[in-house]
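Hi,

Here is the structure I said I would pass on. Have a look at it first, and then read my notes underneath.

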Amino acid sequence: MTGKTEGGQDVTDPAASGAGLRITDVIAHPLCQTLPTPTVTSWGAYTDVSICLVEVRTEAGITGVGEALARFSPRAYADVIETSLKPRLIGQDASAITALWQSMRRALSGRSGGMLFEAIAGVDIALWDILGKAANMPIHRLLGGMGRTHVPVYAASVNWGSDAAMEAELVRYLEAGFPRIKVKMANPVRDACRRIELLRRRAGDAVDLCVDANWAYTLEEAVEVGRALTANGYFWFEEPLRPEDEDGYVELRKRCDTPLAAGESNYTLDQAMRLVQSRTLAYLQPDVARAGGISETRRMAEFAAAHDVRYAPHIGMSGIVCEAASVQLAAAMPNVKAMECETDGSPFKCWITGAKPGIERQKNGLFEVPTGPGLGIEIDWDAVKRLRVQ
Ligand SMILES: [Mg+2]
């Protein structure tokens, strides 16, 4: 239930849910840790990872957990959540998620993206977790569901490095049984083209390979790399150009036969709309911890489905909550292709839930969909306390 105040602001009716879901507290936990193995992309090596976990408490005693993508300065995210969003949430009905999302969006008037949307994402995921726990139902069933017990994943990623290092990493994923593997590509183009062929030869034709360039190329360079990808049967070419260069993507689509993938840099459906509507992208890859949470990511995935564009959740360099929310979405959306499986044991995946590294949890390129309520994960809050940035 929502109503309008005189100022036009939606307010929720906490009594309407009938489940004691009035929000009593919102706590943000900024976390930072060193990765067990650095992630190497066209931008260089990332040795640390940071996120911001969000805890939303209700008077019924149900607590939801969310995650905001916060690559740098996680304390700044905690500040946005606790000073700008929390006052709009306290006392409200946690089950009125759309109303609360709109209220948070209005708090950020004048901003069309950035850390503010990532902060909203953290709260939104926690609200869905609360709703699932209150209904004693996993989120993918609340979303309508596809009845899936498993979702397809791909190994992420073979890091950019020497020929030998990339080949060794590929072999590790092949031996782990992944049928789909992503490879990071960068400059120089000549090295990239040689490695694209080398890795295809090593993987054989039965394995699906795709490439992520993390904006490494100019249009002409991307056309050249695209030729190598097409010649070697790669199934997608991810973020070849910087995300703002929409005209470049439209032009590349005409000059590259390998399907294009992007979306992890988008914050809202509005920002993805043009490239989806024109079918420039074949795969849309929103990150649920960036793109406004489950609510906005669901809108993006469903819009993509309406245009025959596949949904491929991005979860790179995230924590277990982002992954769990992505599993729920992947289980519910009709157009899912595959989601990322971070192979190694990121502290934010393993330490705060006791989960094994992704490479051990997947089986034949599938993740099991949890059957428990909400996100289906249990957070070790003592571990969170230990990882907190002071
Ligand atoms: Mg990427």
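Below is what turned up, going from the domains to the pockets, the core and a few single residues.

One thing before you start: this is a predicted model.

**Domains**

The domain assignment splits the protein chain into domain 1 (2-136) and domain 2 (141-375). Their centres, taken over C-alpha atoms, are 25 Å apart. The two parts do touch: 43 residues of domain 1 are in contact with 44 residues of domain 2.

**Pockets and a cavity**

The largest pocket has a volume of about 970 Å³. It has 50 lining residues, and R71, N214, E264, H314 and M317 are the ones closest to its centre. Both domains take part, as domain 1 and domain 2 each give at least three residues to the lining. Quite a few elements supply at least two residues each, among them β4, α5 (163-175), α8 (246-255) and β13 (339-342). The biggest contributor is β3, with 6 residues. Sorted by class, this lining comes out as 19 nonpolar, 16 polar and 15 charged residues.

Next comes the second largest pocket, at about 340 Å³. It is lined by 18 residues, and nearest its centre you will find E323, R361, F367, E368 and P370. Two elements, α11 (320-332) and β14 (366-368), give two or more residues to this lining, and α11 has the largest share with 4. The classes here are 9 nonpolar, 4 polar and 5 charged.

There is also 1 cavity of 30 Å³ or more in the structure, with a volume of about 30 Å³. Its lining is made of S50, I51, E67, L69, A70, M317 and S318. That makes 4 nonpolar residues, 2 polar and 1 charged. Strands β4 (44-58) and β5 (63-69) each supply at least two of them. M317 is worth finding on screen, since this residue lines the cavity and is also among those closest to the centre of the largest pocket.

**The core**

Which residues of the largest nonpolar core touch the most other members? They are M185, Y217 and F237, out of 124 residues. Like the largest pocket, this core draws on both sides, with at least three residues from each of domain 1 and domain 2. A second, separate core has 9 residues, including Y154, F235, A261 and A312.

If you click on M185 and leave out its neighbours within four places in sequence, its contacts include S42, W160, M166, A192, L199, A213 and Y217.

**K184 and A228**

Right beside M185 in the numbering is K184, which lies in strand β7 (residues 180-184). Is K184 buried or exposed? It counts as buried, because its relative accessibility is 8%. Beyond its sequence neighbours within four places, K184 is in contact with residues such as V40, T41, S157, W160, M166, D212 and N214. K184 and A213 are 29 residues apart along the chain, yet their C-alpha atoms are separated by 5.9 Å.

A228 sits in helix α7 (residues 219-231). With a relative accessible area of 12%, A228 is buried too. Outside its neighbours within four places in sequence, A228 is in contact with C193 and I196. I196 should look familiar, as M185 is in contact with I196 as well. W43 lies 185 residues from A228 in sequence and 21 Å away in space, C-alpha to C-alpha.

**Backbone oddities**

Most residues other than glycine have a negative phi, and most peptide bonds are trans. Here are some exceptions to look at.

- The peptide bond from A156 to S157 is cis, with omega near -5°; S157 is in strand β6.
- N187 and P188 are joined by a cis peptide bond too, with omega about 0°. P188 is in the loop between β7 and α6 (189-203).
- N214 is not a glycine but has a positive phi, near 45°. N214 is placed in the loop between β8 (208-212) and α7, and is buried at 10% relative accessible area.
- W215 has a positive phi of about 70° and lies in the loop between β8 and α7. At 31% relative accessibility, W215 counts as partly exposed.

If you only have time for one residue, try N214: its phi is positive, it is in contact with K184, and it is among the residues closest to the centre of the largest pocket.

Cheers

Technical notes. Residues are numbered from 1 along each chain as its sequence is written. This is a predicted model: local features need pLDDT of at least 70, side-chain atom pairs count only at pLDDT 80 or more; totals for chains, interfaces and linings use all residues. Side-chain values use heavy atoms; hydrogens and water are left out. On a 1 Å grid over the protein atoms alone, a cavity is a set of points where a 1.4 Å probe fits but cannot get out, and a pocket is an open set with protein on both sides within 12 Å along at least five of seven lines; lining residues have an atom within 4 Å of a point. Grid points are joined across faces, edges and corners, and a volume is the space filled by probe spheres set on the points. Ala, Val, Leu, Ile, Met, Phe, Trp, Tyr, Cys and Pro count as nonpolar, Asp, Glu, Lys and Arg as charged, and the others, Gly among them, as polar. A nonpolar core is a set of buried Ala, Val, Leu, Ile, Met, Phe, Trp, Tyr and Cys residues joined through side-chain atoms within 4.5 Å. Buried means under 20% relative accessible area, exposed over 50%, partly exposed in between (1.4 Å probe, protein chains only). Domain bounds come from an automatic or database domain assignment. Contact means heavy atoms within 4.5 Å.
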